[in-house]
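Student: I have a model open and want to work through its architecture. Can we take it one piece at a time?

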There are 2 protein chains.
Amino acid sequence: MHQDQQAVRNVLETLSSAIRAKDAAAAIATYADDVTGYDLAPPLVQSSVTMRDRASLEQWFATWDGPVRIEASDTTVEVDGDLAVAWSLRHMTGVKVEDGDQSLWFRSTVVLRRKSNGWKIVHLHESVPFAMDGSGIALLELAPEGM
Amino acid sequence: MHQDQQAVRNVLETLSSAIRAKDAAAAIATYADDVTGYDLAPPLVQSSVTMRDRASLEQWFATWDGPVRIEASDTTVEVDGDLAVAWSLRHMTGVKVEDGDQSLWFRSTVVLRRKSNGWKIVHLHESVPFAMDGSGIALLELAPEGM
């Protein structure tokens, strides 16, 4: 069980490292063939075709000047048999080519399945909350307490 | 396995029914003691104390005139041993006392654990995406294709 927890954490770390290094193939290799995503960006659902599309991931990498850093706070990992779920707050920082310095805290929930080729991500949910004051503004400047 | 899947679906249905009936105690009874939530509303993380607070849930119910309907589209349920995850798009409709008719499609990812008293929700992630055009607007008017 402890070993499985570590294996799941390694997959998440591999994904973060791949994004930091702008290595689209390595990022996509952490996804299962049937992955689906609820992403920060629209639409409501990202299909496996979109999520596994190397060209569009590379296009997104190109909007950043230098590395895209994603660091997780305390990650909860639950594993049973061949199913795992991990959730944490994540902090994305870097410099956008057109918009300069970025710093965004978001929530991440990741579901993994043990496949014949190891633990793979089958579902990814990333988001920020929105203001309930009628403005409909996404809350992009929140941070966890003490950060 | 099929039986566990059905039990998990029943918990989700119990939660939706409790919200529709504005029965705070019944809604909270679907949550584990150690539940945490990434909610549509801020803050980034809802603690178990907040999520299990009957008074604040009743306060939210009181902002609606009549029932709050939450219906799920196709729900994917994964179960292994005592761990389960379910995800789907959900459609919330009703009439707000101050703002009239509401209709919101959002993404829902729910993690459950089998406890001594049955399947309980340990983690809930609900969100909408936001516009990446620099406006920072939460996308409250999206709908799945064909809906």
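**An enclosed strand and its neighbours**

Tutor: Start with strand β6 of chain B, residues 118–127. Eight of its ten residues are buried, so β6(B) is largely enclosed by the rest of the structure. Keep in mind that this is a predicted model.

Student: Which strand pairs with β6(B) in the parallel sense?

Tutor: Look for four bridges to β6(B). One residue pair to check is Tyr38(B), which stands opposite His125(B) in β6(B). Tyr38 closes the range 31–38, and the strand with that range is β1(B).

Student: And how many bridges join β5(B) to β6(B)?

Tutor: β5(B) covers residues 100–115, and its pairing with β6(B) is antiparallel. The two form a hairpin with two residues between them. Ser108(B) stands opposite Glu126(B). The bridge count for β5(B) and β6(B) is nine.

**Chain A: layout and sheet**

Student: In what order do the elements of chain A run?

Tutor: Chain A has four helices and six strands. Read them from the N terminus on. The order is α-α-β-α-α-β-β-β-β-β.

Student: Which residue of β4(A) is the bridge partner of Ala72(A)?

Tutor: β2(A) spans residues 69–72, and β4(A) spans 83–96. They run antiparallel, joined by four bridges. The partner of Ala72(A) is Arg90(A).

Student: Which residue takes a positive phi in the hairpin of β3(A) and β4(A)?

Tutor: β3(A) is residues 76–80, and five bridges join it to β4(A) in an antiparallel arrangement. Glu78(A) stands opposite Val85(A) there. Two residues lie between the strands, and the one with a phi near 60° is Gly81(A).

Student: How many bridges link β4(A) and β5(A)?

Tutor: A hairpin joins the two strands through three residues. Thr93(A) stands opposite Ser103(A) in β5(A). The pairing is antiparallel, and its bridges number 14.

**Overall form**

Student: Why does the radius of gyration of chain A agree with a compact globule?

Tutor: A compact globule of 147 residues would have a radius of gyration near 15 Å. The C-alpha atoms of chain A fill a box of roughly 45 × 35 × 25 Å along the principal axes. The radius of gyration of chain A, which agrees with the globule value, is 16 Å.

Student: What share of chain A counts as buried?

Tutor: Burial here takes 20 or more other C-beta atoms within 10 Å of a residue's own. Apply that to the 147 residues of chain A. The buried share is 30%.

**The two chains together**

Student: What relation superposes chain A on chain B?

Tutor: The rotation is 180°, with 0.0 Å of shift along its axis and an RMSD of 0.0 Å. That is the relation of a two-fold axis. The same surface serves both copies, as 100% of the contact residues of chain A recur in chain B. So the operation is that of a two-fold axis.

Student: How many nonpolar residues does chain A bring to the contact?

Tutor: Each side is counted: 36 residues from chain A and 36 from chain B. On the side of chain A, the elements that give two or more residues are β3, β4, β5 and β6. Seven residues of that side are polar and six are charged; the nonpolar ones number 23.

Student: What ipTM does the predictor give the complex?

Tutor: Take the chain confidence first: chain A averages a pLDDT of 95, and 99% of its residues score at least 70. For the complex, the pTM is 0.96 and the ipTM is 0.96.

Conventions: Residues are numbered from 1 along each chain as its sequence is written. Chains are lettered from A and ligands numbered from 1 in the order in which they are written. This is a predicted model: local features need pLDDT of at least 70, side-chain atom pairs count only at pLDDT 80 or more; totals for chains, interfaces and linings use all residues. pLDDT is the predictor's confidence in each residue, from 0 to 100. Copies are superposed by least squares on the C-alpha atoms of residues with pLDDT of at least 70 in both. Two residues are in contact if their C-beta atoms, placed from the backbone, lie within 7 Å. Two strands pair if DSSP finds at least two bridges between them. The radius of gyration is taken over C-alpha atoms; the globule rule is 2.2 Å times the number of residues to the power 0.38. A residue is buried if 20 or more other C-beta atoms lie within 10 Å of its own, exposed if 12 or fewer, and partly exposed in between; C-beta atoms are placed from the backbone. Ala, Val, Leu, Ile, Met, Phe, Trp, Tyr, Cys and Pro count as nonpolar, Asp, Glu, Lys and Arg as charged, and the others, Gly among them, as polar.
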